[in-house]
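Let's take a short walk through this chain, starting with a loop and then moving on to a helix and the overall fold. Keep the picture open while you read.

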Amino acid sequence: MSLMNQVEALLLASDEPLTLQKLRSLMDEMPSSDLREALVTLESHYSDRGINLVQVGGGWQFQT
C-alpha cells in the first residue's frame, strides 16, 4: 500500500482531525516531509469532489 493510501485510510477511519505529529506516530515516525507531500497530494486529489481534505483545529480531516 502506498504512503498516500495509508494516510488516506487513517484519515477516513479517524473520528477527529489528525495532526502531522499523530500521523507520524501512527506511521512509525515517517518523515514529516513525506507526510506533508502525501497530504498535499490528497488535498489536490479531493479538491473537486463531494468530499474534501481540509486542515481543521491543527489537524487534517475529510469533510463533505
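## A loop with two unusual residues

Start with Glu29, which sits in the loop that runs between α2 and α3. Keep in mind that you're looking at a predicted model. Asp28 belongs to the loop between α2 (20-26) and α3 too.

What is the sign of phi at these spots? For Asp28, phi is near 55°, a positive value in a residue other than glycine. For Glu29, phi is near 60°, again positive in a residue other than glycine. Here's the background: most residues other than glycine have a negative phi.

How much of each residue can be reached from outside? Asp28 has 71% relative accessibility, and because the cut-off for exposed is over 50%, Asp28 counts as exposed. Glu29 comes in at 48%, so Glu29 counts as partly exposed.

## Thr41 in helix α3

Now hop along to Thr41, which is part of helix α3, spanning residues 32-45. Its relative accessibility is 37%; that value lies between the 20% and 50% cut-offs, so Thr41 is partly exposed.

Where does the side chain of Thr41 reach? It gets to the backbone oxygen of Glu37, at 2.9 Å. You can also look back along the chain to Pro31: the C-alpha atoms of Thr41 and Pro31 are separated by 16 Å, and the two residues are 10 residues apart along the chain.

## The whole chain

Time to zoom out. The secondary structure adds up to three helices and two strands, and reading along the sequence gives you the pattern α-α-α-β-β. The radius of gyration is 11 Å, close to the 11 Å from the globule rule for 64 residues, so the chain is as compact as a globular protein of that length. If you boxed up the C-alpha atoms along the principal axes, you'd need roughly 30 × 20 × 20 Å.

What share of the contacts joins residues 24 or more positions apart? Among contacts with a separation of 6 or more, such pairs account for 44%.

## Surface and charge

Of the chain's 64 residues, 27% count as buried. The accessible surface is about 4,100 Å², and carbon and sulfur atoms own 47% of that.

How many charged side chains are there of each sign? The chain carries 4 positive and 9 negative ones, and the centres of the two sets lie 3 Å apart.

Methods. Residues numbered from 1 in each chain as written. Predicted model: local features only at pLDDT ≥ 70, side-chain atom pairs only at ≥ 80, totals over all residues. Heavy atoms only, no water. Helix = DSSP H or I, 4+ residues; strand = E, 2+ residues; numbered from the N terminus. Buried < 20%, exposed > 50% of the residue type's maximum accessible area, 1.4 Å probe, protein only. Polar contact = N/O pair within 3.5 Å; in protein donor to acceptor, adjacent residues only side chain to side chain. Rg over C-alpha atoms; globule rule 2.2 N^0.38 Å. Contact = heavy atoms within 4.5 Å. Areas by Shrake-Rupley, 256 points an atom, 1.4 Å probe, with all protein chains shown as cover. Lys, Arg positive; Asp, Glu negative; His and termini not counted. Charge placed at Lys NZ, Arg CZ, Asp CG, Glu CD.
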